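Reader: Could you walk me through one part of this protein up close? I'd like to hear what sits around it, and then how other parts of the model look.

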Amino acid sequence: MTTVDTLINKSDNGLGFPNHTNNHNLVWKGNLDCVAFEKTAIKNKLLAVDKPCYFVKVAEQVGVTNDGFLTTADSATVGQLELLTSIAPITSQQLGDSSFLSCYGVKYAYMTGAMAGGIASEEMVIALGREKILSSFGAGGLTPERLEAAIQKIQQALPHHPYAFNLIHSPNDMAVERRAVDLYLKYGVRIVEASAFLDLTPNIVYYRVAGLSLNDANQIEIKNKVIAKISRREVASKFMQPAPPRILQELLQQGLITELQAKLAAQVPIADDITVEADSGGHTDNRPLVCLLSSIIALRDEIQAQYHYSQPIRVGAAGGIATPESALAAFMMGAAYVVTGSVNQACVESGACEHTKKLLAQAEMADVTMAPAGDMFEMGVKVQVLKRGTMFPMRAQKLYELYRSYNSIEEIPAAEREKLEKQVFRKTIAEVWEGTAAYLSQKNPEKLGKAVNNPKLKMALIFRWYLGLSSRWSTAAEKGREVDYQIWCGPAMGSFNDWVRGSYLADANNRHVVDVANHIMTGAAFLYRVQSLKIQGMQIPDYYLQYRPVR
């Protein structure tokens, strides 16, 4: 049995508190045996975030307990045990905006973002959905047939659980966007994550407005939810406002929406949620989250004051979210929810091949760079990729330099063309064009016709052959092409690897997306607890401030 006398010679656990406390009118009542004085036991008490924490001082020793209760102090209860401070329970579900949870039927204000080419796979979406965590399927770059199969598989596995599908902007082939929207409407996909948009297109407006109706209470019902991932204020502004009348008129003339839906569209924003994408893998402007998030939240407030939406737009954070610290920082800055990306690509459920997952699990924060994007090559748009273990970034940049310097393949010096054929394409330029032309003749004959009479476009399409296949080689585990793998990755991957080093999650074979989500959110709740204690004045050594994943 623990008594005051047995505590006199206890070793110092490092906890301290200023002489002045705010708890003179309260005392803790409970069994002293429940109070922890040793470091490991105290850490375990702090980790029990779903229980209250009481800090008491006995015989000059600071102890911590989750048990007992507080009561009003009186002369009869004041004695050798002093209450220093206390903190209420907190759960991961309390972080972020509760309306995000109710809107999507999820347990966390947390979601995983789409990674194109099915890297954010059916398995990933299903595993998270079954745990009531929202995940977006990576539809970008997939054929309509492949996308349709994914919709059917996910809907069969998650008839009553959350899931989302990505709609990626395709400025060079708007038909790709339209085919995806048609499939989403056909199958009743109710949550779409819109990404890489430079402006609103008729396709995203069509998806949104086609889901508008009035319920029995004569209130607007929004069936088709849109989570827009953006990194620029001017794009965010478009998604925060109602649909442009010009686009609505076009959709009306085409018979795609009704007069009522067009009228209702003037009263709701295009997006329910805006994901502020900072420095991330894939398409990114490399913006710092600490600057961008506050700017977009301020913009949201301005637009809300103008339109007075019944449900204000939520603003979430993505890009760099990889640890409990980064998640909590986003929440403390006002993020309604957080989105992870790169870290999920190294998980078991990811559509990436094992070689790619191994490279990602070894990546450090500096092992990323920018390289030309295959889908927006001619525009000079870049994506952030892994540079460790692959030559893709260097070779892709060389292709863009050649595109900028010459007006046709024939203008490129013979020595350079030979290098391309031997080192990059590993086949003749004529063979690359033959394969490209055969593909376009089936998928986009109009573009093929333009390329025949436009040498610059033909050169771009030849170079895009390599850029497009390089990401597919990474998912398909193309043997012999490992040095050409295009692996979308942000610095968050290195941050995650640093965090899990020495834990069971250091091994990529142990990384499951649900585990990662749970640890990030539980860790964020734990860190909120200890930081709150520090704000109250509790002196807490670094030992107590670390959250590490444990099975």
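Author: Let's start with Asp273, keeping in mind that this is a predicted model. Asp273 has a relative accessibility of 0%. That is under the 20% cut-off, so Asp273 counts as buried. You'll find Asp273 in strand E13, which covers residues 273–277.

What does the side chain of Asp273 pair up with? It makes a polar contact with the side chain of Arg314, at 2.6 Å. Arg314 also turns up among the residues that Asp273 touches, once you set aside anything up to four places away in sequence. The others on that list are Phe100, Tyr104, Val226, Ile227, Ala228, Ile313 and Tyr337.

Now look at Ile274, which is in strand E13 too. Its relative accessible area is 0%, so Ile274 is buried as well. Leaving out neighbours within four places in sequence, Ile274 is in contact with Ala228, Ile313, Arg314 and Tyr337, and Asp273 touches those four too. The remaining contacts of Ile274 are Ile230, Ala236, Phe239, Met240, Ile296, Val315 and Gly316. If you want a distance to check on screen, Ile274 and Met115 are 17 Å apart, C-alpha to C-alpha, with their positions 159 residues apart in sequence.

Next, the second largest pocket. Its volume is about 390 Å³, and 21 residues line it. Nearest its centre are Ile220, Ile222, Val268, Ser310 and Gln311. By type, the lining splits into ten nonpolar, seven polar and four charged residues. Helix H2 (98–104) and strand E11 (220–222) each bring at least two residues to that lining, and H2 gives the most, with three.

Last stop, helix H1, residues 39–47. Which of its residues are buried? They are Ile42, Lys43, Lys45 and Leu46. These four cover an arc of only 160° around the axis, so they lie on the same side of H1. Among the elements covering them are strand E2 (53–58), strand E3 (61–65) and helix H20 (513–535). The N-terminal end of H1 has a cap, too: a side-chain oxygen of Glu38 lies 3.0 Å from the backbone nitrogen of Thr40.

Notes
Residues numbered from 1 in each chain as written. Predicted model: local features only at pLDDT ≥ 70, side-chain atom pairs only at ≥ 80, totals over all residues. Heavy atoms only, no water. 1 Å grid on protein atoms, 1.4 Å probe; cavity = no way out; pocket = protein on both sides within 12 Å on 5 of 7 lines; lining within 4 Å. Points joined across faces, edges and corners; volume = space filled by probe spheres on them. Nonpolar A, V, L, I, M, F, W, Y, C, P; charged D, E, K, R; others polar. Buried < 20%, exposed > 50% of the residue type's maximum accessible area, 1.4 Å probe, protein only. Polar contact = N/O pair within 3.5 Å; in protein donor to acceptor, adjacent residues only side chain to side chain. Contact = heavy atoms within 4.5 Å. Arc of directions from axis to C-beta.
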